[in-house]
Amino acid sequence: MFYRDERLALFIDGSNLYAAAKSLGFDIDYKLLRQEFMRRGKLLRAFYYTALLENDEYSPIRPLVDWLHYNGFSMVTKPAKEYTDSMGRRKVKGNMDIELTVDALELADHIDHAVLFSGDGDFRPLVAALQRKGVRVSVVSTIRSQPPMIADELRRQADNFIELEELKDVIGRPPREFDAPEDRD
């Protein structure tokens, strides 16, 4: 489903991809991920979206963000919002859907194929809009987790669905015990 001469852009919903890979029992090796898609076409951009807790002295996601920034990824971050839910639990919210959508639509005239790493059904209208602009869209997520990490409507809208577990041998590494979770909504 990829052509060597097509211009590609990757749009990685960081928290969604982290959760999907974790549910399948592996971590993503982002250097291998980037190499894999450079092999599949002409990779113009690889965007990575995540929210960061700014008020903590040490953010567990900061080393990954710094590494990605220095290794060819376009980083899009914003401060996460911290709040306490009705049960008194500390929660973090940091949705990056709008930023990802705006970037994808702005780049649409310059790419042939967008690869979205997310299973979030909220992206279905984005996929449809990109398709109307003549961009092919592949979605990377998983149906093999319980429950599946991809919304059915997003999977149906995409031109191509790539099962994350099938990329495990190409872009995966065993999970580290001390890796910090990135579970932001």
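Buried here means under 20% relative accessible area, exposed means over 50%, and partly exposed covers what lies in between. Keep that in mind for the close-ups below, which all come from a predicted model.

**View 1. Glu-36 and Arg-39 pair up within helix 2.** Glu-36 has 8% relative accessibility, so it falls in the buried class. Its partner in a salt bridge is Arg-39, and the closest N and O atoms of the two sit 2.5 Å apart. Helix 2 runs over residues 30-40, and because the two positions are three residues apart in it, about one helical turn separates them. Arg-40 joins in as well: Glu-36, Arg-39 and Arg-40 are connected in a network of salt bridges.

**View 2. Asp-66 and Arg-62 meet in helix 3.** What separates these two along the helix? They are four residues apart in helix 3 (residues 62-70), which means about one helical turn lies between them. Their side chains form a salt bridge, at 3.5 Å from N to O. Asp-66 comes out as partly exposed, with a relative accessible area of 33%. Arg-62 is partly exposed too, at 34% relative accessibility.

**View 3. Glu-166 and Arg-144 form a salt bridge.** Here the closest N and O atoms are 2.8 Å apart. The pair links distant parts of the chain, with the two positions 22 residues apart in numbering: Glu-166 belongs to the loop between strand 9 (160-163) and helix 7 (168-171), while Arg-144 belongs to the loop between strand 8 (136-141) and helix 6 (152-157). With a relative accessible area of 54%, Glu-166 is exposed. Arg-144, at 42% relative accessibility, gets the label partly exposed.

**View 4. Stepping back, the protein has seven helices and ten strands.** Its C-alpha atoms fill a box of roughly 50 × 35 × 30 Å along the principal axes. For 185 residues, a compact globule would have a radius of gyration near 16 Å, and the protein agrees with its 16 Å. Buried residues account for 47% of the 185. Among contacts with a separation of 6 or more, 69% are between residues 24 or more positions apart.

**View 5. Charges and surface of the whole protein.** The salt-bridge count comes to eleven, including the three pairs in the close-ups: Glu-36 with Arg-39, Asp-66 with Arg-62 and Glu-166 with Arg-144. There are 27 positive and 32 negative charges, and their mean positions lie 3 Å apart. The protein exposes about 9900 Å², and carbon and sulfur atoms supply 49% of that area.

Terms used:
Residues are numbered from 1 along each chain as its sequence is written. This is a predicted model: local features need pLDDT of at least 70, side-chain atom pairs count only at pLDDT 80 or more; totals for chains, interfaces and linings use all residues. Side-chain values use heavy atoms; hydrogens and water are left out. A salt bridge is a side-chain nitrogen of Lys or Arg within 4 Å of a carboxyl oxygen of Asp or Glu. Buried means under 20% relative accessible area, exposed over 50%, partly exposed in between (1.4 Å probe, protein chains only). The radius of gyration is taken over C-alpha atoms; the globule rule is 2.2 Å times the number of residues to the power 0.38. Contact means heavy atoms within 4.5 Å. Accessible areas come from the Shrake-Rupley method with a 1.4 Å probe; for residues, only the protein chains shown count as cover. Lys and Arg count as positive and Asp and Glu as negative; His and the chain ends are not counted. The place of a charge is taken as NZ of Lys, CZ of Arg, CG of Asp or CD of Glu.
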